[in-house]
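Grab a coffee and open the viewer. Here are a few exercises to work through with the structure on screen, each followed by a solution.

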Amino acid sequence: MIKMTLLSFLIRSCAAVVLLAGSVRCLAGDVSDKLAELEKQRNKINTLHTVAKTTTRMGAGNRESTIETWEKQADGKHKLRRVFRTKTVAAQGAEPAETETVMVNDGTTAWRETPVMGSKRLVFKGKATGRGEFEDIRSMAGRGEARLRGQETVLDQPCIQLEIKGKEGGDQFLASYWISERYGVVLKSVVESADQSVTETRVTEFKVDETVADSLFAYKPPADAQVIDSDSIGKKKGD
């Protein structure tokens with residue numbers, strides 16, 4: 001199964017339980033309640049178009065991506081198209097490598113078209129899943145301590161800042177998310193990972209409930225692509 005967006009679930013009662021790596025963590029009541037409130041706002045959006053810039057600083061070089069996303073709720077289905085345009089600089093003075101990855105979810109089938117590797121372009125096909133940025137946040141919170149840091153404005157949107165500190169493999173990580181209070185959309189995030197890398201993502205364009213053409217969510221694999229059924233691979237592993 002391809003996760004075009006992460007599965008979401010509502011937090012109930014005064015704490016949210018996150019199951020990760022065999023351990024159960026609970027979110028503090030104020031964090032749990034605020035995430036539930038923000039997710040409710042997020043689920044009210046009918047259409048969404050965003051452009052985001054992501055920069056990852058690593059010891060071996062830098063990676064920069066532009067991520068353009070279209071989302072639409074129609075006929076009880078969540079549809080999505082996301083295009084990643086990435087430039088990686090492995091070392092100072094080296095020629096940057098540029099790639100493009102396309103993800104499409106038509107509400108029934110999910111597709112992920114990868115950059116050409118050697119002479120092949122791979123396309124992964126699987127069952128479409130639901131949306132939800134919040135599962136990623138809760139998963140991260142399950143490995144540490146989450147707290148609300150107050151308000152800050154991003155793209156003229158009042159945002160709640162959520163900070164998560166924790167450990168992974170014995171190393172510290174720090175993740176911060178700026179989430180629109182009105183729409184429940186993550187407009188900025190900074191993740192300092194255990195491997196010493198720092199990834200910052202900032203939404204630069206943000207449009208809600210405007211017309212989005214259905215044609216954006218139609219996908220046909222290129223003629224030269226090798227299509228791999230991700231659901232079949234998962235079943236074989238489970239045999």
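The exercises below go from the whole chain to single side chains.

Before you start: this is a predicted model, where local features need pLDDT of at least 70, side-chain atom pairs count only at pLDDT 80 or more, and totals for chains, interfaces and linings use all residues. Residues are numbered from 1 along each chain as its sequence is written, and side-chain values use heavy atoms, with hydrogens and water left out.

**Exercise 1. Take stock of the chain: how many helices and strands are there, and what share of the residues is buried?**

Step 1. Count the elements, taken as DSSP runs numbered from the N terminus (helices are H or I with at least four residues, strands are E with at least two). You should get three helices and 14 strands.

Step 2. Now look at burial, where buried means under 20% relative accessible area, exposed over 50%, and partly exposed in between (1.4 Å probe, protein chains only). Of the 239 residues in the chain, 44% are buried.

**Exercise 2. Trace the twelve-stranded sheet and work out which strands stand at its edges.**

Step 1. Follow the order E9-E10-E11-E12-E13-E3-E4-E5-E6-E7-E8-E14; the sheet is open and its pairing is mixed. Two strands pair here if DSSP finds at least two bridges between them.

Step 2. Check the ends: strand E9 (144-154) and strand E14 (225-229) each have a single partner strand, so one side of each is left without a neighbour in the sheet.

Step 3. Look at the twist: on average, neighbouring strands are turned by 15 degrees against each other, direction ignored. Axes are lines fitted to C-alpha atoms (for helices, over the stretch in contact), and angles run from 0 to 180 degrees between N-to-C directions.

Step 4. Add helix H1 (residues 29-42), which packs on the sheet and touches strands including E3 (47-58) and E4 (61-74); contact means heavy atoms within 4.5 Å. The direction of H1 makes about 50 degrees with that of E9.

Step 5. Zoom in on E10 (residues 157-168) and E11 (residues 171-180), an antiparallel couple joined by ten bridges. Within it, glutamine 161 sits opposite tryptophan 178 of E11.

**Exercise 3. Find the aromatic pairs and say how the rings are set.**

Step 1. Search for rings of Phe, Tyr and Trp (its six-membered ring) with centres within 6.5 Å; planes under 30 degrees apart count as stacked, over 60 as edge-to-face and the rest as tilted. Two pairs turn up.

Step 2. Tryptophan 111 and tyrosine 219 have ring centres 5.2 Å apart and planes at 40 degrees, so this pair is tilted. Tryptophan 111 is in strand E7 (residues 109-113) and tyrosine 219 in the loop between E13 and E14, so the pair ties together parts 108 residues apart in sequence. Tryptophan 111 is buried at 12%, and tyrosine 219 is buried at 17%.

Step 3. Tyrosine 183 and phenylalanine 206 have centres 5.5 Å apart and planes at 70 degrees, so they go down as edge-to-face. Tyrosine 183 is in the loop between E11 and E12, while phenylalanine 206 is in strand E13, 23 residues away.

**Exercise 4. Which side chain forms a polar contact with threonine 201?**

Step 1. Locate threonine 201 in strand E13 (residues 198-208).

Step 2. List its contacts, leaving out residues up to four places away in sequence; among them are Ala52, Thr54 and Lys188.

Step 3. Pick out threonine 54, whose side chain is joined to that of threonine 201 by a polar contact of 2.9 Å. Such a contact is a pair of N or O atoms within 3.5 Å; within protein, one must be able to donate a hydrogen and the other to accept it, and residues adjacent in sequence count only if both atoms are side-chain atoms.
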